[in-house]
Protein chains: 2
Amino acid sequence: MSDILNTQSPHHVVIVGGGFGGLYAAKTLGRSSVKVTLIDKRNFHLFQPLLYQVATGSLSPGDIASPLRSVLRDNKNTQVLMGEVVDLNPNENKLVLNNGELNYDTLIVATGVSHHYFGNDQWATLAPGLKTVEDALEMRRRIFSAFEAAEKETDPEKRQALLTFVVVGGGPTGVELAGALAEIAYRILKEEFRSIDTSETQILLLEGMDRILPPFPPELSAEAQKGLEHLGVTVRTKTLVTNIDNQVVTLKSGEEIEQISAQTILWAAGVKGSKMGEAIARTTGAQLDRVGRVMVEPNLTVPNHPNIFVIGDLANFSHQGDQPLPGVAPVAQQQGIYVAKLIQKRLKAQTLPPFHYIDYGSLAVIGRNQAVVNLNYLKFSGLFAWLAWVFVHVFFLIEFDNKLLVMIQWAWSYFTNQGGARLITNEGLSGKNNNIEISTSMGDKNTVQV
Amino acid sequence: MSDILNTQSPHHVVIVGGGFGGLYAAKTLGRSSVKVTLIDKRNFHLFQPLLYQVATGSLSPGDIASPLRSVLRDNKNTQVLMGEVVDLNPNENKLVLNNGELNYDTLIVATGVSHHYFGNDQWATLAPGLKTVEDALEMRRRIFSAFEAAEKETDPEKRQALLTFVVVGGGPTGVELAGALAEIAYRILKEEFRSIDTSETQILLLEGMDRILPPFPPELSAEAQKGLEHLGVTVRTKTLVTNIDNQVVTLKSGEEIEQISAQTILWAAGVKGSKMGEAIARTTGAQLDRVGRVMVEPNLTVPNHPNIFVIGDLANFSHQGDQPLPGVAPVAQQQGIYVAKLIQKRLKAQTLPPFHYIDYGSLAVIGRNQAVVNLNYLKFSGLFAWLAWVFVHVFFLIEFDNKLLVMIQWAWSYFTNQGGARLITNEGLSGKNNNIEISTSMGDKNTVQV
């Protein structure tokens, strides 16, 4: 660690990624003597837990995103840079950017994860995932375009395919999407179409394990499934997707093979570490787990590189409990704060005990008035769970940026039953309704726009 | 008109375009005995007067757009179709769609206008205009990307070019954009950058005539110019753009030729009739004016085709005053209502006197606390004009869809000095930061995304 202690002041901390981990690290370092550079490909922090509401048209991207510069405006020791990190040179304490280089004394990597199609990347264009704003707008475009096309479709089979939505993956995101789709089809759009009856919409939620919301206790998984079925969602557990072809999903439950015609297929099944993980492994010799997350030390550093930290979804922290810590916001937040404090301690030649995650519990929303809450000592579901979910999300959302009125607006459209942001935009990306031709291939984040 | 009177009930009115004209026609016909079909390329009505706020990051698209289906939800006689009209067959009372045909008894065309580059369509990619949501998001992307690039630029000349914004056209849209850019550069972003001083930003507003806001009385044009200059905008009247090249604008004032290096060039100079105008002229023999608007009869019909109406920006109504009526929302609204009433009268074998526009006055916003209002009998500017502008826009915006809280939110971010929607999205469209390649060419609406 001598390299850290001997560096001339101000000590330069570079944070890659402005998600929950990176942003909390930056905020915690904001009142310290170090120099901070936060670099992100985007100019905004995205409040991921509500991204599914953009995908389903109840919120606009601007409602859940805050410009990083305005969040960190008052941290005069902090510079925000919009740019992309392409490689790492740990021996020279240097980052390689798409447009230059950046030296650091301490590096915090918080670049998160992207979709994982388990070796079937060609599915990405057929079944988009939900990580970026563009992902959400593409899902929104597909969802509402399907209803529009169904309204004009006269062939009953094609119409049913247009009104069939398959959500792959029964984790929190899949449950949220399926529940929101049910709200859209059976409530919000009900009175708006003349040729079709949107209550004929079929929504399938597919999960490979024996229950949805696997991280939750079995009783809450059962509650969640009951809640979704009550909303009209068909939940299929122990069901694997073996193929996705244009508008046809092939399922395998036990020995049974089944094909379902669906216009809209949404991917919520898996994630893999972002590219920075590979760069770290290649340049530092760090181990990656099978989904490309970096195996970190108890203090969140990369082995043998005490001045390189990996936090948040990209980190595999396996020093607490029998499982690695889950990829959720609270873990990233606590890790960001821990690392920031450790850096400050080190500058005083002190240190901190290993990182320890304090689990305040977990929540998952199912739909209007329904959620499940696991506070470990207390488990509950239904309306109170939903209110708890709303409270927590309002609380965190307004913490960064004053989005209080956004939340009031959201509550308003909730009570007035409107989905005010149900816009079909960027049709240009579909290459259909205008003269823009697009050839897509996989981006780093698998942000695929067809 | 016998064809109209003798058609078997229900009389089918087809409205093309869900802007102010088409939507008011549909709303007025909603409580009548006719069958109404509203067809639009998009699934939402866009509140155009506030589109510049999306382009400058203070509102999100969802804040100023309402799904047409939800606006017309309770009009059970009305079907909304998302589709594109490609041609017209007046002899068979038939519309040709991109995906089929549609018969009408009465046709209302309200497809509006698109950008006009005066024969320099290649400028469209260099200087995007502001008509669609995608246009606004592209402007937003360019504006905020320019500041991000400037923060990283070390070459002083390049940096100054990145911090130079040229708005072409001194009409209401150009004035609004220039004023909003001044707010962004000199107020909102002021504390957020570390390398650049955003107050070094140059904002030029170019107008070919001898004053900005030509439709307004000279004293208000002078007030508007004073207001913009007070905000920091350089206003250049009697100045023509003779060429736009990559990041260089060539100006001609009198005999003087001048070149200005600017990364961001925004087009607010001219509009031309949308393609439906050509189809109407070709198939009905109607005359188009020099910008492609349809010359209509005093009752807004196309000559010799009493069952085809053209309303709103696409109509050239020259039967009142020495100028054709301006392309503003109130004209379109009053024309939509008039046509709807005339259709109902005709079904009772009655008619209406010619259309007469009632001008309640006009407003243009300059910036925070500043606007100009011309009520004909009363002209004023400054804070009261701005409050009048806000009131009118809030009033109209909440009329369609309950966007009251949107406006509260907007007021909030106004008072808290935030521009909450300053997101740089759809970078994919730039073809730079990911693997999507785009080849652009002119679309109907000149929606060009580079």
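Start in chain B of this predicted model and select Asn369(B), which takes a positive phi near 70° in the hairpin of β23(B) and β24(B). That hairpin has 2 residues between its strands. Now extend the selection to both strands, residues 362-367 for β23(B) and 370-374 for β24(B). They run antiparallel and are joined by 5 bridges. To see one position across the hairpin, show Leu363(B), which stands opposite Val373(B) in β24(B).

**The sheet in chain A**

Move to chain A and select β23, β24 and β25. These 3 strands form an open sheet in the order β23-β24-β25, with antiparallel pairing. Which strands stand at the edges? They are β23 (362-367) and β25 (379-382) of chain A; each has a single partner strand, so one side of each is left without a neighbour in the sheet. Neighbouring strands here are turned by 10° against each other on average, direction ignored.

Next, pick out β24 of chain A, residues 370-374, which is joined to β25(A) by 4 bridges. At Asn374(A), the bridge partner in β25(A) is Lys379(A). Then add residues 218-231 of chain A, which make up helix α9. This helix packs on the sheet and touches β23, β24 and β25 of chain A. The direction of α9 makes about 175° with that of β24(A).

**A covered strand in chain B**

Return to chain B and select residues 106-109, strand β9. In a regular strand the side chains alternate between the two faces of the sheet. Here Thr106(B) and Ile108(B) are on one side, Leu107(B) and Val109(B) on the other, and all are buried, so that both faces of β9 are covered.

Which strand is joined to β9(B) by 4 bridges? It is β1 of chain B, residues 12-16, and the two run parallel. Show Ile15(B) to find its bridge partner in β9(B), Ile108(B). Then select residues 305-310 of chain B for strand β21, which pairs with β9(B) in the parallel sense over 3 bridges. Ile108(B) serves again in this pairing, with Phe309(B) as its bridge partner in β21(B).

**Two helices in chain B**

Select residues 133-152 and 172-188 of chain B, helices α6 and α8. They pack at an angle of about 35°, with their axes 12 Å apart. The crossing of α6(B) and α8(B) is right-handed. Show side chains at the contact: Met139(B), Ile143(B), Phe144(B) and Phe147(B) from α6(B) meet Leu177(B), Leu181(B), Ile184(B) and Ala185(B) from α8(B). How many residues of each class are in this contact? There are 8 nonpolar, no polar and no charged residues.

**Aromatic rings**

The whole structure has 16 aromatic pairs over all chains. For one of them, select Phe147(A) and Phe193(A), a tilted pair at 6.2 Å centre to centre with 45° between the planes. Phe147(A) lies in helix α6 of chain A and Phe193(A) in the loop between α8 and β12 of chain A, so the pair ties together parts that are 46 residues apart in sequence. Are these two rings buried or exposed? Phe147(A) is buried, with a relative accessible area of 1%, and Phe193(A) is buried too, with 7%.

For the last stop, select Tyr117(A), Phe118(A), Trp123(A) and Trp267(A), which ring pairs link into a cluster.

Note on methods: Residues are numbered from 1 along each chain as its sequence is written. Chains are lettered from A and ligands numbered from 1 in the order in which they are written. This is a predicted model: local features need pLDDT of at least 70, side-chain atom pairs count only at pLDDT 80 or more; totals for chains, interfaces and linings use all residues. Side-chain values use heavy atoms; hydrogens and water are left out. Two strands pair if DSSP finds at least two bridges between them. Axes are lines fitted to C-alpha atoms, for helices over the stretch in contact, and angles run from 0 to 180 degrees between N-to-C directions. Contact means heavy atoms within 4.5 Å. A crossing is left-handed if the near helix is turned anticlockwise from the far one by less than a right angle, and right-handed if clockwise. Ala, Val, Leu, Ile, Met, Phe, Trp, Tyr, Cys and Pro count as nonpolar, Asp, Glu, Lys and Arg as charged, and the others, Gly among them, as polar. Rings of Phe, Tyr and Trp (its six-membered ring) pair if their centres lie within 6.5 Å; planes under 30 degrees apart count as stacked, over 60 as edge-to-face and the rest as tilted. Buried means under 20% relative accessible area, exposed over 50%, partly exposed in between (1.4 Å probe, protein chains only).
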